[in-house]
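Biologist: I've got a model open and I'd like to learn how to read it. Can we walk through it feature by feature?

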Amino acid sequence: RFGAGGFTGYLGAKGVRHPDGSRCMRVRGYAQAPGDPLYLHRHRVEAIRVARERQKYVLTTGTGSGKSLAYMVPIADHVLRRGSGKGIKAIVVYPMNALANSQLGELTKFLKLGFPDGKGPVSFKRYTGQESDDERNEIIASPPDILLTNYVMLELILTRPRERALVSAATGLRFLVFDELHTYRGRQGA
């Protein structure tokens with residue numbers, strides 16, 4: 001159905017991914033398992049190469065074909081190459097909180113599980129309005145490498161004085177991702 005690409009370890013061997021990236025983005029059966037290499041279809045591998053070359057891209061493919069891996073792998077790779085904790089490097093915008101919640105679970109699986117400390121080398125947080133005041137304050141005080149949000153909250157981040165620290169933390173932003181781009185129309189698209 002989808003063209004052959006390769007396993008995540010193959011990308012590291014070819015210099016497309018950071019060598020330590022082989023520990024991330026793996027299929028894991030349980031929390032402390034190192035996991036098996038993740039297979040990437042050709043459209044994912046091509047998107048990862050384009051991102052590595054600092055080019056913009058739009059990826060359209062069927063539901064369940066792994067679009068999110070096509071942007072999360074290069075984001076994680078970028079953070080690994082530059083080092084974690086140096087401000088927000090990626091903002092991923094979702095049209096619905098349900099998608100942000102789902103992706104939060106997937107990132108936990110790919111970027112935290114299998115690491116002895118349960119933290120992993122790349123930080124990420126959801127900032128969609130579902131968080132408590134304490135969680136929001138923590139995110140503002142210590143911004144993650146990857147910020148998952150929705151279009152409404154992104155507008156609020158850009159306009160409310162309370163979130164100015166998040167805007168400042170994103171001055172070195174490398175990735176701005178709009179998941180489900182086709183849904184952004186009207187006010188949502190503006």
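Modeller: Sure, and let's start with pairing: two strands pair if DSSP finds at least two bridges between them. Helices (H or I, at least four residues) and strands (E, at least two) are DSSP runs, numbered from the N terminus. One caution: this is a predicted model, where local features need pLDDT of at least 70 and side-chain atom pairs count only at pLDDT 80 or more, while totals for chains, interfaces and linings use all residues. Residues are numbered from 1 along each chain as its sequence is written, and side-chain values use heavy atoms, with hydrogens and water left out.

Biologist: How many helices and strands are there in the chain?

Modeller: The chain has 8 helices and 8 strands.

Biologist: Okay, sheets. What is the order of the strands in the open sheet?

Modeller: In general, strands of a sheet pair through backbone hydrogen bonds, either parallel or antiparallel. Here, 4 strands form an open sheet in the order 6-7-5-8, with parallel pairing. Strand 6 (124-126) and strand 8 (175-178) are at the edges with a single partner strand each, so one side of each has no neighbour in the sheet. On average, neighbouring strands of this sheet are turned by 15° against each other, direction ignored; the axes behind that are lines fitted to C-alpha atoms, for helices over the stretch in contact, and angles run from 0 to 180 degrees between N-to-C directions.

Biologist: And which residues face each other across the strands?

Modeller: Go along the order. Strand 6 is joined to strand 7 (residues 146-150) by 3 bridges, and Arg126 has Leu148 as its bridge partner in strand 7. Strand 7 and strand 5 pair over 5 bridges, with Ile91 opposite Leu147. Strand 5 (residues 90-94) then pairs with strand 8 over 4 bridges; there Ala90 is the partner of Phe175, and Val92 stands opposite Val177.

Biologist: Is strand 5 buried or exposed?

Modeller: Buried means under 20% relative accessible area, exposed over 50%, partly exposed in between (1.4 Å probe, protein chains only). By that rule, 5 of the 5 residues in strand 5 are buried. Ala90, Val92 and Tyr94 point one way, Ile91 and Val93 the other way. Now look at strand 8: Phe175 and Val177 point to one face and are buried, whereas Leu176 and Phe178 point to the other and are not. For the whole chain, buried residues make up 41% of the 190 residues.

Biologist: Now helices. Which residues of helix 4 are buried?

Modeller: The general idea first: an α-helix has 3.6 residues a turn, so residues three or four places apart point the same way. In helix 4, the buried ones are Ala100, Gln103, Leu107, Phe110 and Leu111. They cover an arc of only 85° around the axis, which puts them on the same side of helix 4; the arc is that of the directions from the helix axis to the C-beta atoms.

Biologist: A buried glutamine? What does the side chain of Gln103 make a polar contact with?

Modeller: With the side chain of Ser68, at 3.5 Å. A polar contact is a pair of N or O atoms within 3.5 Å; within protein, one must be able to donate a hydrogen and the other to accept it, and residues adjacent in sequence count only if both atoms are side-chain atoms. The relative accessible area of Gln103 is 9%. Contact in the wider sense means heavy atoms within 4.5 Å, and leaving aside neighbours within four places in sequence, Gln103 is in contact with Ser68, Tyr71, Met72, Tyr94 and Leu148.

Biologist: What about helix 6: which of its residues are buried?

Modeller: In helix 6 (residues 151-159), Met153, Leu154 and Ile157 are buried. Down the axis, they fall within an arc of 105°, so they line one face of the helix. Leu158 and Thr159, on the other side of helix 6, are exposed. The cover over the buried residues includes strand 5, strand 7 and helix 7 (164-169).

Biologist: And what does Ile157 touch?

Modeller: Not counting residues up to four places away in sequence, Ile157 touches Tyr127, Leu147, Thr149, Glu163, Leu166 and Val167. The relative accessible area of Ile157 is 5%.
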